[in-house]
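Biologist: Thanks for sitting down with me over this one. Shall we go through the model together, piece by piece?

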Amino acid sequence: MIVRMLAFSILLLATVASAIGVVYARQQSRVAFITLSQLGNDRDNLNFEFGRLQLEQATWAENNRIEQIARGKLGMVSPSVVETIVIKR
Amino acid sequence: MKQRRQPPNPRTRLYVVLAMLGLASSALVVRAVDLQVVSKDFYQEQGDARYLRDIPLKVSRGTIFDRNGEPLAVSTPVESIWANPPELLAHADRIPELAKATGLDEDALKQKLEQYSDKEFAYIKRHLNPDDAQAILNLDIPGVASQREFRRYYPSGEVMAHVLGYTNIDDHGQEGLEFAFDGWLAGKSGVKRVIRDRLGHEVENVELVREAKAGRDLTITIDRRIQYLAYRELKAALQEHHAASGSMVILDVPTGEILAMVNQPSFNPNARGNVDPAYKRNRAVTDVVEPGSTMKAFTISAALESGKWKPHSPIDTSPGTFALYGHTISDVHNKGMLDVTGVITHSSNVGAAKIALTMTREHMYDVYHRFGFGEVTGSGFPGEASGYLPIPQKWGPVEQATIAYGYGVNMTPLQLAQGYAAVAAGGRLRSPTFVKGGEQPDHAVIDPEIAANIRTMLETVVAPGGTAPRAAIRNYRVAGKTGTARVASGGSYNKQYVSLFVGMVPASAPRLVGVVVVHDPQGAYYGGTVSAPVFSKVMDGALRLLDVSPDNVQNWYTSAPDEGRSVPGGRKAAATSDVATTADDAAE
């Protein structure tokens, strides 16, 4: 009888403990999930920011614009044939 | 008399009561089983639906880069301001504030809200810069919220429009590489399950139902700088000659990579609106042209392969015309006695026709087919045309002669570039590719020696006395071929012309192949006049951009100093580059 009681209470305790474990693990997983989402959002936002900056850079570095500025504003020209020297190393 | 009823049998009573109780309890069991087992899913779902929500996780589309890592197509998040009209109308005093913040007309905004007053959602302003959207949200007007959407931007605009294509409002590829690589670029949106309270606030994240997979980036073979150069020169040539349309393709010979592909007319993919669909076609891949005299390089390849002809075998082209079954083949000028090389140099139709008639139809067809004509190139571009090369059984002598100089067959500019790239690569054909690192395997289509002979012949075209001296590039040897084809329409040829030039540089070890096609130029229409100068200008710049060593320098500046020592004689500025630079395009 004692043995049965003992076995029963051990099992009962184990059940309660595992139940608490489940609750705890679940809570942990939720916390981790929230962190994950937060980090994912941060990553996405940084990526978007990077994309925007790339876009901005590409717009400023647009060939047509550079050519306009080089030729028009700065008065640059490509060297003519006479001004070109080919060097053999 | 009254009959006494028999007293009821207690046993029967008992049975009746038991049966009723049994029925009642089995009804309960049935109901319980129905709820717990049979209809469980339905009730579970109904229960969940009252607080669980599946929220889509949107992903952005991958970026498209050029070969040097310059962004060509970028998705960036934008915010769309929307309102819940009844809620906003309940606070009508805030509407002028909102109108001012969004730059909308106050009355128009009010009218719109009235119109949607029985709905719970109405866009106020779409695709706003996130900072501007945040400023509006910061006003804290009831019923106004924002929603994230993605917009695709193409910083290169119409220069790159045909190759890249575009996406629709849902960010799905519709044309061009955006369409061809949609699955790669798009990614997969995910789903997240959350618990929401009665007011719609997210209380708790439950699980990630499906992880979002962001779109992957794509690096293509186009070089933005060369592309721009080609675009600019082609556009200028079209304006100068008042031509209807045109295309240019530049291939990298060793790898088959497409370095540039431009078409005119073009469109701005950032603001499409109502663009004529004809402007959106990537003509270099979807439209076919008759190759005209550019076909002769392949005819002569076949002639050399047949063994009956050598580069200097004589051929009589006088009197400049050649009657064949009632069909007259004619040259622009009577060149009299030529050799096989001369047929290429002066682009003699008579010579090409006479040479063709010494060969079998099957052999000619075989050579053309090996060079990839009549079949798609395998570039993977959506809507690519295969061109038309009739089977030899359909050829009569007239067809055999006319196909030899490029009439009665057609091909895309890309196919033509591919064929010449095979000549440039020592007789090895390689499918062109748009994807960097997507190099296709090559295979031999003609003897390397024949390819070398053809290249030597093609060099005479660009030399003085050939048909395209204007394709020449300072300090480089150029090999190429002009072509002029009349546009076929309704079974006959009309007065419209197509001017072609296809060439390779540097001729001693070709690195680049370029094709220029100009449709319907007014006035001058010869390929050597209209298309060859475009080739020269673009290739000159492309060779410089790619650092290709010159192979034809008359005056080397041989006293080049070692590193760190100054150049004598006030030539410091010009001599700092170790690669030759020429600049014919300075004149603008």
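Biologist: How many residues of domain 1 of chain B are in contact with domain 2 of chain B?

Modeller: Happy to help, and please keep in mind that this is a predicted model. The domain assignment of chain B places domain 1 at 55-219 and domain 2 at 224-271 + 282-545. Where the two meet, domain 2 of chain B brings 18 residues, and the count on the side of domain 1 of chain B is 21.

Biologist: Which helices of chain B each supply at least two residues of that side of domain 1?

Modeller: The side of domain 1 of chain B that touches domain 2 divides into 12 nonpolar, five polar and four charged residues. The helices that each supply at least two of its residues are H7 (161-164) and H8 (176-180) of chain B.

Biologist: How far apart are the C-alpha centres of the two domains of chain B?

Modeller: Let me set the scale: the C-alpha atoms of chain B fill a box of roughly 145 × 75 × 50 Å along the principal axes. Within chain B, the C-alpha centres of domain 1 and domain 2 are separated by 47 Å.

Biologist: Is chain B compact or spread out?

Modeller: Chain B contains 22 helices and 20 strands. For its 588 residues the globule rule gives 25 Å, whereas the radius of gyration is 36 Å, well over that value. Chain B is therefore, next to a compact globule, more spread out.

Biologist: Is helix H1 of chain B largely in the open or covered?

Modeller: H1 of chain B covers residues 10-38, and its 29 residues should span 42 Å at 1.5 Å a residue; the end C-alpha atoms are 40 Å apart, which agrees. The number of buried residues among those 29 is zero, so H1(B) lies largely in the open.

Biologist: And how many residues of H21(B) are buried?

Modeller: Helix H21 of chain B, residues 532-545, reaches 20 Å from its first C-alpha to its last, close to the 20 Å expected. This helix has 14 residues. H21(B) is mostly covered, and the number of its residues that are buried is 13.

Biologist: Which residues touch the most other members of the largest nonpolar core?

Modeller: That core has 127 residues, and at least three come from each of domain 1 and domain 2 of chain B. B:Met248 touches, among others, B:Leu234, B:Val262, B:Val534 and B:Val538. The residues touching the most other members are B:Ala230, B:Met248, B:Val249, B:Ile250 and B:Ala417.

Biologist: Is B:Asp547 buried or exposed?

Modeller: B:Asp547 lies in the loop between H21 and strand S20 (556-557) of chain B. B:Asp547 has a positive phi of about 60 degrees although it is not a glycine. With 12 or fewer neighbours as the cut-off for exposed, the 9 other C-beta atoms within 10 Å of B:Asp547 make it exposed.

Biologist: What is the phi of B:His127?

Modeller: B:His127 is found in strand S4 (residues 122-128) of chain B. B:His127 is partly exposed, having 15 other C-beta atoms within 10 Å. This residue is not a glycine, yet its phi is positive, at about 50 degrees.

Biologist: What is the omega of the cis peptide bond from B:Gln264 to B:Pro265?

Modeller: B:Pro265 sits in the loop between strand S10 (258-264) and helix H11 (277-280) of chain B. The bond from B:Ser318 to B:Pro319 is also cis, with omega near 5 degrees. For the bond from B:Gln264 to B:Pro265, omega is near -5 degrees.

Terms used: Residues numbered from 1 in each chain as written. Chains lettered and ligands numbered in written order. Predicted model: local features only at pLDDT ≥ 70, side-chain atom pairs only at ≥ 80, totals over all residues. Helix = DSSP H or I, 4+ residues; strand = E, 2+ residues; numbered from the N terminus. Expected span 1.5 Å × (residues − 1). Buried ≥ 20, exposed ≤ 12 C-beta atoms within 10 Å, placed from the backbone. Rg over C-alpha atoms; globule rule 2.2 N^0.38 Å. Domains from an automatic or database assignment. Contact = placed C-beta atoms within 7 Å. Nonpolar A, V, L, I, M, F, W, Y, C, P; charged D, E, K, R; others polar. Core = buried A, V, L, I, M, F, W, Y, C linked by C-beta atoms within 7 Å. Lists of a residue's contacts leave out its neighbours within four places in sequence.
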